[in-house]
Amino acid sequence: MSNKEVKAALKSARDAIRNKEYKEALKHCKVVLKQEKNNYNAWVFIGLAAAELEQPEQAKGAYKKAIELEPNQLLAWQGLANLYEKPNQTGVKGDLADVYQKLLELYKSGDKQKWCEVCNKLVELYHQEKKYLEVAETWQKLIQMKQEEGAEKAELHQLWKKMIQLLKDSTRSQDNKTEQLLLTAFEHAVNSADPVPGEDHQNLYKDFIRCLSKFPHEAARLEKACNDMMALYPTMIYPLEVLCLHFVNSGTLSEEALHCFSRILEMDTSSGPGIIGFGVKCLQEKKYKEAVKSLTEGLQKTNQCPAAWHYLAEAQVKIHKHRNAVLSCNQALECLGIPEVPRLQWKNLALQLKAETLIKIADADAAEEAIKALEQIVGANSDPVISAIRGQAYLNKGLMDEASKISQELLLSHPDLAESHALEGYIHYAQKNYKGAERSFLNAIERKAETAEYHQYLGLTYWFMSDETKKDKGKALTQFLKAAKLDSYLGSAFLYLGNYYRDIAGDKSRARGCYKKAFELEEMDEESGRAAVDLSVELGDMDTALSILNEVTEKASPGTAKWAWLHRGLYYLRSGQLSQAVSDLQAALRADPKDSNCWETLGEAYLNRGSYSTALKSFRRASELNPGLMYSIYRAAALEQMLGKYEIAIATYQQILKKTENYVPALKG
């Protein structure tokens, strides 16, 4: 077959393809290949015809053969691209990307328009596959090509914006190179926007700052972007709020940060980030109640700030609101679970603070929760302070052996650590080994003298060690005073100071002051409240006593605070306010329905009010609960007599006389 005949056969094949006679085209191509098995065009035509006849494998083989023969010829690569682009082709995206790459190489020096078309297709393909680095690098080549061609600023601006759009979901990929390319795109887009200032430019800047705030290591770039935007848009609060939260999350309070907090509140007193910033400032200044108030208010407006939740928990711990602090730690951890806030440091801090706070709640369930929190801390095993917290959790849970093991290991490995000696002290104290506890807490104080809890425990150790150490001013009293001075919110220190002044010094007035302070700090603490009320009554200050009782009963939920209801009921009974007395005594019985003395007092209130039948029931109930209550039995008999139930009354009097022969009221009755 001559060269002329080969050309004619190829022409026939081309015409057949043009006329959609694909089988005919294949015949002509096979004729050519019999003569010239390496004929490039014949293989390309076979690929084309086979593709149209839904024979993808044959088409792919033909194109690949043609490429093998002429790797830098366009036709076969174009055909292969068209084949892979067909909807029925699956699992070929990787191959298609390679084909596009080759086409870019072949078009680069010639057809720029075709190059751009293929570039767009390749970017779209990478984007579907979430290959963001490849998206960024390929799109940047497109922009570079446009720049070389002298594209207008407006066109380049749109291309940079398109790159931002393509990479907007890449911030979760944790790829530093992609991140840098995205930030570069933002910088170019911001700098090429027109007009400036303008709405498009403003929105771009906001998106840029929002993006930067997701990358903790881009702090300097974020600060610059916020300051630059504030210079352009001085009345816009957004960059200032971002900057404010950035300073809060950084954990350091510089002059610049304090200036930022003040400036934002000058612009908008209700700004969540501004109020949070003010709360952090209060915490630094040890104004703990103000810190709690401001941080709580700020977080109601801006709740996705883990550092702010952590600071709130810190402030709540300082004023001994431990259960609230645990909830705040949980909120911090919930924020840190969001992918946009990957701050391991804050997570560890929140978990540690949560565990420390749960230990102060001091029950087995809280201890179990503390252990679980500690298990989640990254690198916890190498931190001796966390080991000491774990030891306390085991102790609170009643696992003395596990706590002792940790204590011994810490004393060997970290003898200079205050927490090592403190843990040993807590164990000795729990075992009532007060000599050992004294030694341990003195060692802890020597290493960390500013910890109120160590002084409080040393004071408790002296209090229970012996009468001598309890009465010695230089022992228990000194330590309680130091604890109260170091932590003015430590209710237990004021409670024991009250005990000292009442039981040892005999100073009722000072004792009452300490009990009152302890009660104010621990609002529902029965021991301090009761002692403050009793001493107020002894000192003739019924106003203070009633004030405390009113405060407790107002806040008490049904079935609680029996002591307060009973105390106030007795006061009302003595002062002749009988309806109030009945109401309070009933509330006391809801808290403890088996208190025979309370039933007897309620009977007395009903009797004085003239409610004889109800009084009779109350006295009977008191005597059922405690058959030794002669007064209740006698009162029941007297009421039965008064109500005309003579036979029952006689039987009840005889019952009393069997137990107490000379009980005069019964004989008289």
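**Notes on the domains, the cavity and H421**

1. Starting with the layout: the chain splits into domain 1, covering 1-77 + 86-93, and domain 2, covering 384-482. Keep in mind that this is a predicted model. Taken over C-alpha atoms, the centres of domain 1 and domain 2 lie 89 Å apart.

2. On to empty space. How many cavities of 30 Å³ or more does the structure hold? There is one. The volume of the largest cavity comes to about 40 Å³.

3. If you want to pull up the lining of that largest cavity, select K93, G94, A97, L125, Y126, E129 and K131. By class, the lining residues are three nonpolar, one polar and three charged.

4. Which helices supply at least two residues each to this lining? They are helix 6, spanning 93-107, and helix 7, spanning 112-128. Helix 6 gives the largest share, with three residues.

5. Now for a single residue over in helix 23, which runs over residues 418-430: H421 is found there. Is H421 buried or exposed? Its relative accessible area is 9%, so H421 counts as buried, the cut-off being under 20%.

6. As for the company H421 keeps, leave out residues up to four places away in sequence and H421 touches L411, P415, S440, N443, A444 and R447. That contact list is a handy selection to view alongside helix 23, where H421 is found.

Key:
Residues numbered from 1 in each chain as written. Predicted model: local features only at pLDDT ≥ 70, side-chain atom pairs only at ≥ 80, totals over all residues. Heavy atoms only, no water. 1 Å grid on protein atoms, 1.4 Å probe; cavity = no way out; pocket = protein on both sides within 12 Å on 5 of 7 lines; lining within 4 Å. Points joined across faces, edges and corners; volume = space filled by probe spheres on them. Helix = DSSP H or I, 4+ residues; strand = E, 2+ residues; numbered from the N terminus. Nonpolar A, V, L, I, M, F, W, Y, C, P; charged D, E, K, R; others polar. Domains from an automatic or database assignment. Buried < 20%, exposed > 50% of the residue type's maximum accessible area, 1.4 Å probe, protein only. Contact = heavy atoms within 4.5 Å.
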